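Welcome! Take a moment to turn the model around on your screen before you read on. The briefing below will help you find your way.

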Amino acid sequence: MELAVVKDLGENLGNVREAAVFMEAIEMRQRLFRQNKKNLCLLDPYDLISDHLILRSSRDGKPFAYSRVTPLSKCLAHDLLYPVVPLLSSCREYPEAYARLLSAGHEPLHMGFLCLDPAYRDEVASVKIVDLMIWLGFISSGFALDQVSFTATPNAKFNQDPWLKVIGDWAGDMPDFIHPLIPEAHRMVIIPKIYDSYWTSRFSLYSELYKSLRGEREALPRAA
Ligand SMILES: CC(C)(COP(=O)(O)OP(=O)(O)OC[C@H]1O[C@@H](n2cnc3c(N)ncnc32)[C@H](O)[C@@H]1OP(=O)(O)O)[C@@H](O)C(=O)NCCC(=O)NCCS
């Protein structure tokens with residue numbers, strides 16, 4: 001398999017190859033998320049400013065796993081609300097947790113829209129996809145790893161807590177909320193500071209895999 005990362009699409013819409021990689025991934029994202037709700041429509045302005053992480057199959061070159069990473073600074077630069085902000089009113093505990101995130105003074109990265117096509121599960125049999133995609137999101141972001149924070153709003157039914165707990169302490173003890181797009185219980189995960197142990201353990205788990213994914217074209221941003 002191979003990792004493709006589409007960045008700054010809004011500035012590169014004339015780049016037909018880049019746009020085609022994005023659209024292929026969007027077809028998969030749309031198809032897989034419609035399993036949750038049949039009439040879901042998932043294109044939004046964040047698609048133009050986010051990093052799109054796409055794993056492609058070594059069997060047929062097709063995308064089979066995806067996640068999207070949206071940095072706070074990109075939102076601010078484009079007059080968009082950081083993705084969790086419209087959700088803060090869902091619960092009285094959320095605004096304080098978000099304030100703690102901002103006061104950490106790091107670059108919050110919002111990771112979302114994780115999906116994996118089950119037809120290709122064998123290609124990532126040795127890893128938990130949420131864990132791998134989060135780490136790839138961090139290291140592909142271009143931000144210094146000691147300067148990033150994390151947020152996500154996973155659907156509670158997928159039991160991803162163990163993989164989100166290794167990243168860092170969650171701000172607040174917060175109830176779930178019903179997501180406006182998919183009306184099911186979702187977690188509000190806000191992690192102002194990433195554990196040092198997260199970096200050590202994930203670099204040791206995934207560094208070799210990363211080199212093979214990128215065909216050794218790129219150096220890792222930080223040694224283990
Ligand atoms: C989210 C996703 C990437 C997880 O893939 P995965 O890590 O390989 O995990 P699985 O699909 O096996 O599911 C993980 C858990 O969710 C549960 N689950 C999966 N689909 C479910 C469903 N439709 N309803 C209830 N539970 C479900 C599984 O039973 C499993 O539980 P377990 O960990 O206790 O065994 C994948 O299920 C997917 O692409 N889903 C569609 C897109 C989506 O809704 N993404 C939301 C991400 S928050």
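Here is a short tour of the sheet, the helices on it and the ligand's surroundings.

Keep in mind that this is a predicted model. At its heart for our tour is an open sheet of 6 strands, and a ligand has 15 residues around it.

**The sheet**
- Follow the strands in the order S1-S2-S3-S4-S5-S8, and you will find that their pairing is mixed.
- Strand S1 (2-6) and strand S8 (189-191) are the edge strands, each pairing on one side only.
- From one strand to the next, the twist averages 20°.
- Strands of a sheet pair through backbone hydrogen bonds, and the pairing can be parallel or antiparallel.
- Strand S5 (residues 148-152) pairs with S8 in the antiparallel sense, over 3 bridges.
- To spot this pair, look for threonine 151, which stands opposite isoleucine 190 in S8.

**Helices packed on the sheet**
- Helix H3 (residues 94-103) touches strand S4 (107-116), S5 and S8, and its direction makes about 30° with that of S8.
- Helix H4 (residues 129-140) also packs on the sheet, touching S1, strand S2 (51-56), strand S3 (63-71), S4 and S5.
- The direction of H4 makes about 140° with that of S4.

**Around the ligand**
- Of the 15 residues surrounding the ligand, the closest are Cys115, Leu116, Pro154, Lys157 and Asn159.
- Helix H1 (16-33), S4 and H4 each supply at least two residues of this shell.
- S4 gives the most, with 3 residues.
- By class, the shell has 9 nonpolar, 4 polar and 2 charged residues.

Conventions:
Residues numbered from 1 in each chain as written. Predicted model: local features only at pLDDT ≥ 70, side-chain atom pairs only at ≥ 80, totals over all residues. Pairing = 2+ DSSP bridges. Helix = DSSP H or I, 4+ residues; strand = E, 2+ residues; numbered from the N terminus. Axes fitted to C-alpha atoms, helices over the stretch in contact; angles between N-to-C directions. Contact = placed C-beta atoms within 7 Å. Near = placed C-beta within 6 Å. Nonpolar A, V, L, I, M, F, W, Y, C, P; charged D, E, K, R; others polar.
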